[in-house]
Amino acid sequence: MHIFSYKLTRLHARLDEQIRAEIERRIPNTLRLLRLKRLRLNVKDRLYARTLQLRFD
């Protein structure tokens with residue numbers, strides 16, 4: 001796995017952990033949840049684009 005893909009994968013996992021932790025709070029911060037989910041989706045899109053790029057190079 002390339003280092004860039006690895007870093008994106010780790011970032012995605014950390015965002016997942018933060019989202020789970022925020023959801024489990026007594027009163028979750030909805031704005032923070034939306035921000036984290038948007039970031040996670042952005043990372044997922046970048047990973048997918050990277051996978052396609054590597055596949056066709």
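Here are a few friendly notes on this predicted model, going from the overall fold to one residue.

1. Let's start with the architecture. The secondary structure amounts to 2 helices and 0 strands. The radius of gyration is 14 Å, well over the 10 Å that the globule rule gives for 57 residues, so the protein is more spread out than a compact globule.

2. The dimensions are worth having alongside that. Measured out along the principal axes, the C-alpha trace spans about 45 × 15 × 10 Å.

3. On burial and surface, 21% of the 57 residues count as buried. The accessible surface is about 4900 Å², and carbon and sulfur atoms account for 55% of that area.

4. Contacts come next. Taking those between residues at least 6 apart in sequence, 59% join residues at least 24 apart.

5. For charge, I would note 15 positive side chains and 6 negative ones. The centres of these two sets lie 3 Å apart.

6. Finally, a look at Glu-17. This residue sits in helix α1, which covers residues 3–24. Is Glu-17 buried or exposed? Its relative accessible area is 46%, and because that value falls between the 20% and 50% cut-offs, Glu-17 is classed as partly exposed. As for its position relative to Leu-52, the two residues are 35 apart in sequence, and their C-alpha atoms are 26 Å apart in space.

Key. Residues numbered from 1 in each chain as written. Predicted model: local features only at pLDDT ≥ 70, side-chain atom pairs only at ≥ 80, totals over all residues. Heavy atoms only, no water. Helix = DSSP H or I, 4+ residues; strand = E, 2+ residues; numbered from the N terminus. Buried < 20%, exposed > 50% of the residue type's maximum accessible area, 1.4 Å probe, protein only. Rg over C-alpha atoms; globule rule 2.2 N^0.38 Å. Contact = heavy atoms within 4.5 Å. Areas by Shrake-Rupley, 256 points an atom, 1.4 Å probe, with all protein chains shown as cover. Lys, Arg positive; Asp, Glu negative; His and termini not counted. Charge placed at Lys NZ, Arg CZ, Asp CG, Glu CD.
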